[in-house]
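Please look at the sequence and the structure shown here before reading on. The report that follows describes how strands and helices are arranged.

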Amino acid sequence: MRRAVCSGSFDPVTLGHVDVFERASRMFDELIICVFRNIEKQGFFSVDERVRLIEEAVAHLKNVRVMAFSSLITDFMAQQDAKIIVRGVRSVKDLEYEENEAYMIKHLNPEIDTVFLLTRPDLSYVSSSGVREVFRFGGSVSGLVPACVEQAMKNKKEQCR
């Protein structure tokens, strides 16, 4: 079985992420989306909320699982018997960052290979941080995130009032 992992904070998951998940799910027998639990950061959504929202956004992809993790990605991949990590790349800047990450992963576990998927041009400007900023200043995130995420963001705003 060809099992791949796509990891990140996904706070929030965007349509760019979902596009990468969809394309990767066609390339591998199983794709595990793992949400990184960063204890250093306070997220917009909790890790559990992110997992639930991603599960809803990828429910149409039958070979995809969503999990949370807080260890080294290489340890997580060993636990899941996965040898391929998928990374979405929007720009040269992303590629430079992801290239260094891929080399570190290769150093930690030489059996793991990284596959880079270029973001669709019409989604190349979409980032989680950009979505959060647009939302905080009252802009519309429609067309940037899945509908379930847009609704969850609106609900969170209502709860803060």
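## Strands and helices

Strands β4 and β5 pair in the parallel sense, joined over 6 bridges, where two strands are said to pair if DSSP finds at least two bridges between them. Helices (H or I, at least four residues) and strands (E, at least two) are DSSP runs, numbered from the N terminus. In this pairing, the bridge partner of I84 in β5 is D113. The model is predicted, so local features need pLDDT of at least 70 and side-chain atom pairs count only at pLDDT 80 or more, while totals for chains, interfaces and linings use all residues. Residues are numbered from 1 along each chain as its sequence is written, and side-chain values use heavy atoms, with hydrogens and water left out.

The wider setting is an open sheet of 5 strands in the order β3-β2-β1-β4-β5, with parallel pairing. Its edge strands are β3 (64–69) and β5 (113–118), each of which pairs on one side only. From one strand to the next, the twist averages 30°, with axes taken as lines fitted to C-alpha atoms, for helices over the stretch in contact, and angles running from 0 to 180 degrees between N-to-C directions.

Strand β1 has these parallel neighbours:

| Pair | Bridges | Direction |
|---|---|---|
| β1 and β2 (residues 30–36) | 6 bridges | parallel |
| β1 and β4 (residues 84–89) | 2 bridges | parallel |

Within these pairs, S7 has C34 in β2 as its bridge partner, and the chain crosses from β1 through helix α1 (residues 15–27) to β2 in a right-handed β-α-β crossover. Right-handed means that, with the strands pointing away from the viewer, the path from the first strand over the helix to the second runs clockwise. On the β4 side, A4 stands opposite I84.

How enclosed is strand β1? Of the 6 residues of β1 (residues 3–8), 6 are buried, so the strand is largely enclosed by the rest of the structure; buried means under 20% relative accessible area, with a 1.4 Å probe and protein chains only. Both faces are covered, with R3, V5 and S7 buried on one side and A4, C6 and G8 buried on the other.

Helix α1 lies across β1, β2, β3, β4 and β5, running at about 130° to β5, where contact means heavy atoms within 4.5 Å. Helix α4 (residues 92–108) also packs on the sheet, touching β4 and β5, and its direction makes about 165° with that of β5.

Notes. Buried means under 20% relative accessible area, exposed over 50%, partly exposed in between (1.4 Å probe, protein chains only).
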